[in-house]
Amino acid sequence: MNPYQYRNRELHVEDVPLARIAAAVGTPSYIYSRAALTEAYTAYAKAFEARDHLVCYAVKANSNLAILDLFARLGSGFDIVSGGELQRVLAAGGDPAKVVFSGVGKSADEIRAALEAGILCFNIESANELERVNRIAGELGMRAPISLRVNPDVDAGTHPYIATGLKQNKFGVAYADAPALYSRARSLPHVRIEGVDCHIGSQLTDLAPIAEALGKIADLVERLERDGIELKHVDVGGGVGIRYQSETPPPIPEYAEVVLQAFRNDRHKLLFEPGRVLAGNAGLLLTRIEYLKKGEDRSFAVVDAAMNDLVRPALYDAWHDVLTVTEENPAAAADVYDVVGPICETGDFLARGRRLNAREGDLLAIMSAGAYGMSMASNYNTRPRGAEVMVDGSEFQVIREREEVSDLIARERRLPS
Ligand code: LLP
């Protein structure tokens, strides 16, 4: 489905014109489609319905409580990477028994909180973390459920900052070390082996490295079973990529075929940690043009959103489509603009070299911003973060109020006199 349509030349999200939201809530704001989120989740779950499985939405992609609430109601579990994300899941009504905890740097406090909450599994990323989890679980008189996150040393072919499954990356334990670490885990009194986990990167558009990594994991599972180590689940990590521009990410059913093929010979429950594919194309960033500025070399559309609101273009040189909220007349003259924010950095751009027929005061929609948009936003230049809005049919609701500067400075103190 495409929740974004022009009707009477006005861009709508579902049945709500974006101009109406801008008038009520202001800009910059993130706008999400409940129908698109629901459809993305349902498509994922449906692709694996023949097999015992659990989708654990990767909270980092978009951690707004309303979004977590929606996925929890759809039956989702959650992949978390911090104690903060655990608190969000709990505050949103998520089931801790469906939570997996990934990340290379889990602190003692975070491990304790996750044990007390009763999470499904710790995805252990190093030998020393295994020892720490064992010790803390012992102090609490518990057995910690664990998987080892195994680094299969496969090149996912994605942006180097978000490739995670190569041996030079900080993630997971080396493939060759995994059998010995599982033996160690089995000997520890306060851990309980639940499964195996892997994750090779994000914005995956090619199935071949996924198949290669999962083949290695399937071989490892077989080897572990021969060693007498019983597993209950296999966690295959994050989801596939999305289309931002002209990428051709694999359709979910084709991805499912690869996963199901890799694990056709075993009966383990399959766990998934998709983030971007569930939320990315279900949201946009709505912004208003403050100034059109004709430079000597190029022209700029200076908008009220900036790299602090959406850092992906600055950080990964990522492409986001830019649509005018009032449909352009294809016959009208258009100029080529860099769409930039007010922040004092040349890297503060949302899009470059875009043909736009736009005037000052017009609204623009920065598309495909539902994942890793608001969740990576900052307050750089003391810019309050924008509002977040959920559209549901012909209604919309603010799911995060716009910040005020007083929120930003509330914890700061002047020097004593
Ligand atoms: N599981 C683990 C352990 C992860 O590290 C990640 C993402 C996911 C699941 C979810 O992956 P996804 O389904 O979204 O591909 N900020 C970057 C993306 C960073 C992803 C990091 N890990 C971006 O804006 O492109």
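I looked up aspartate 335 first and found it partly exposed at a relative accessible area of 33%, where buried means under 20%, exposed over 50% and partly exposed in between (1.4 Å probe, protein chains only). The model is predicted, so I kept in mind that local features need pLDDT of at least 70 and side-chain atom pairs pLDDT 80 or more, while totals for chains, interfaces and linings use all residues. Residues are numbered from 1 along each chain as its sequence is written, and side-chain values use heavy atoms, with hydrogens and water left out.

I then traced the partner of aspartate 335: lysine 294 forms a salt bridge with it, the closest N and O atoms being 2.7 Å apart, a salt bridge being a side-chain nitrogen of Lys or Arg within 4 Å of a carboxyl oxygen of Asp or Glu. Lysine 294 sits in strand β14 (residues 283-294) and aspartate 335 in strand β17 (residues 335-340), so the pair ties together parts 41 residues apart in sequence; helices (H or I, at least four residues) and strands (E, at least two) are DSSP runs, numbered from the N terminus. Lysine 294 is exposed, at 56% relative accessible area.

I next noted that arginine 184 and glutamate 131 meet through their side chains in a salt bridge (2.8 Å, N to O). This pair links helix α7 (residues 178-187), which holds arginine 184, with helix α6 (residues 127-139), which holds glutamate 131.

For the whole chain I recorded 12 helices and 21 strands, 23 salt bridges in the structure, and a buried share of 54% of the 417 residues.
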